[in-house]
Amino acid sequence: MQVERVEQFHIQMPLKSHFETSFSRVTALDKIIIAIYAEGLVGWGESPVDSDPYYSYETIETCWHIQRDFLIPLLLKHNLSSAADLPARFARVRGHPMAKAGLEAAIWDLEAQQAGVSVATLLGGTRSAIESGVSIGVQDSVGELLDRIAAYLTEGYRRIKIKIKPGWDVEIVRAVRERFPAVPLMVDANSAYTLDDASMLRALDGYDLLMIEQPLAYDDIIEHAELQRQLQTRLCLDESIYSVGRAREALAMGSCQIINIKPARVGGMTQALAIHDLCQAAEVPVWCGGMLESGIGRAHNVAVASLPNFTLPGDISASDRYWHEDITEPPFVLNPDGTLTVPTGPGIGVAVQRDRLEKVTLRRATYPS
Ligand code: OSB
Ligand code: MG
């Protein structure tokens with residue numbers, strides 16, 4: 001495939017309601033959307049970078065720069081035989097996984113369209129629907145949290161994840177368990193704790209949690225292994241797993257028993273597939289995380305979550321959980337059984353609405369210019 005043209009869109013989409021983690025509170029989300037033109041087709045990808053470096057070191061500005069000055073030139077330079085070749089082509093650029101992932105995603109979309117199949121089929125997906133969970137931010141009060149959980153359960157979500165941070169942890173989990181004794185429940189700390197908090201984290205063992213996600217430092221696997229030895233509850237890593245090699249090391253060290261795969265965090269779909277296969281061989285379950293993506297990134301996440309070792313409900317919720325108006329059609333809707341249907345049309349299987357994309361675009365660029 002010869003890439004003819006690449007477009008970068010810096011967009012900002014207002015969230016329906018704010019989302020608070022241990023590291024920030026956001027009311028709108030910036031992202032970089034990628035369109036790649038080749039052989040009469042257009043493929044779409046998303047780099048779900050934040051405007052601040054609080055989840056990862058990448059920001060809108062670093063992503064824009066790395067794509068414009070280093071990655072897009074590599075795409076335009078030579079023919080490409082497959083999306084799976086991109087990690088090798090991009091390898092000289094160290095790090096910057098989200099910048100790479102947005103471009104790679106657009107190539108997967110193109111490649112699937114050329115083959116006349118869905119991205120899910122091209123990736124090796126085997127499910128026609130994926131189990132959907134919901135990730136709920138820190139709320140202003142316990143009452144609001146309980147009301148939100150009740151509403152999501154009524155909608156049919158299959159698993160509840162709540163964000164925790166110091167001062168919003170064991171007591172909150174206790175209150176949630178009291179009200180919802182049997183709901184599949186987990187917590188995500190986004191690195192808000194240290195090993196000094198081990199006794200608090202051990203207290204969580206009493207609440208039958210599916211897992212505790214990323215309690216310790218964002219780049220750590222050693223202390224997580226130590227913590228896992230002290231806990232009954234399974235640890236799941238998110239931030240710490242930034243590559244296939246890192247996943248292999250974490251499994252070898254016993255740093256976690258579950259991995260949250262976000263294609264954007266690991267540098268793209270090819271790496272996500274490799275981590276999926278590695279975990280499958282090691283009998284370690286995985287699930288697909290999210291970065292509050294637009295319909296474009298969501299479609300790619302849904303596609304990968306249709307692979308066989310994605311055996312736990314992920315953070316891929318319906319479009320209306322995030323947006324008043326998404327930039328793709330049709331929206332992802334929650335089926336009555338708490339699943340999202342995997343699109344079957346060619347490519348990502350949802351159509352980008354150009355007028356809506358324009359409305360949320362703050363800046364755009366075309367290459368070659
Ligand atoms: O840690 O999984 C996380 C959102 C932004 C950054 C990090 C995380 C999250 C979520 C939301 O938990 C998942 C989603 O619904 O997309
Ligand atoms: Mg997380």
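Where does proline 330 lie? Proline 330 is in the loop between strand E12 (328–329) and strand E13 (339–341). More on that residue below; first, a word on what we're looking at: this is a predicted model.

## The magnesium site

Let's start with the metal. The magnesium ion (ligand 2) takes its protein donors from Asp188 (OD), Glu213 (OE) and Asp238 (OD), which sit 2.1 to 2.3 Å from the ion. Along the sequence, the spacing of these donor residues reads D-x24-E-x24-D. Aspartate 188 belongs to strand E7 (residues 185–188) and glutamate 213 to strand E8 (residues 212–213), so the pair ties together parts that are 25 residues apart in sequence.

Are aspartate 188 and glutamate 213 buried or exposed? Aspartate 188 has 0% relative accessibility, so it counts as buried. Glutamate 213 is buried too, again at 0% relative accessibility.

## Around ligand 1

Now for the other ligand. There are 15 residues around ligand 1, and those that come nearest are Ser135, Lys163, Asn190, Leu292 and Tyr322. Sorted by character, the shell has seven charged residues, five nonpolar and three polar.

Several side chains reach oxygen atoms of this ligand. Tyrosine 322 has a side-chain N or O atom 2.7 Å from an oxygen atom of ligand 1. For lysine 161, a polar side-chain atom is 3.1 Å from a ligand oxygen, and lysine 262 also places a polar side-chain atom 3.1 Å from an oxygen of ligand 1. On its own, ligand 1 would expose 390 Å², and the protein buries 98% of that.

Asparagine 190, one of the residues that come nearest to ligand 1, has a backbone worth a look. Its phi is near 45°, a positive value in a residue other than glycine. Asparagine 190 is found in the loop between E7 and helix H7 (198–203), and its relative accessibility of 6% is why it counts as buried.

## Aromatic pairs

The model has four aromatic pairs. Among them is the edge-to-face pair of tyrosine 152 and tyrosine 157, with 5.6 Å centre to centre and 80° between the planes. Both partners are tucked away: tyrosine 152 is buried with a relative accessible area of 8%, and tyrosine 157 is buried at 4% relative accessibility.

Another of the pairs joins tyrosine 322 and tryptophan 323; this one is tilted, at 6.1 Å centre to centre and 35° between the planes. Tyrosine 322, which we already met beside ligand 1, counts as buried at 4% relative accessibility. Tryptophan 323 is buried as well, its relative accessible area being 3%.

## Backbone oddities

Most peptide bonds are trans, and most residues other than glycine have a negative phi. Back to proline 330, then: the peptide bond from glutamate 329 to proline 330 is cis, with omega near -10°. Tyrosine 367 and proline 368 are also joined by a cis peptide bond, where omega is about -5°. Proline 368 falls in the segment after strand E15 (361–367).

Histidine 96 shows a positive phi, near 55°. You'll find histidine 96 in the loop between helix H2 (86–90) and helix H3 (97–115), and at 16% relative accessibility it is buried.

## A helix side chain

One last stop: which helix holds glutamine 228? Glutamine 228 is part of helix H8 (residues 222–230). A polar atom of the glutamine 228 side chain is 3.1 Å from the backbone oxygen of threonine 233. Glutamine 228 counts as buried, with 8% relative accessibility.

Terms used:
Residues numbered from 1 in each chain as written. Chains lettered and ligands numbered in written order. Predicted model: local features only at pLDDT ≥ 70, side-chain atom pairs only at ≥ 80, totals over all residues. Heavy atoms only, no water. Donors = N, O, S within 2.8 Å, 3.2 Å for Na, K, Ca; no water. Helix = DSSP H or I, 4+ residues; strand = E, 2+ residues; numbered from the N terminus. Buried < 20%, exposed > 50% of the residue type's maximum accessible area, 1.4 Å probe, protein only. Near = heavy atom within 4 Å. Polar contact = N/O pair within 3.5 Å; in protein donor to acceptor, adjacent residues only side chain to side chain. Areas by Shrake-Rupley, 256 points an atom, 1.4 Å probe, with all protein chains shown as cover. Nonpolar A, V, L, I, M, F, W, Y, C, P; charged D, E, K, R; others polar. Phe/Tyr/Trp six-rings, centres within 6.5 Å; stacked < 30°, edge-to-face > 60°.
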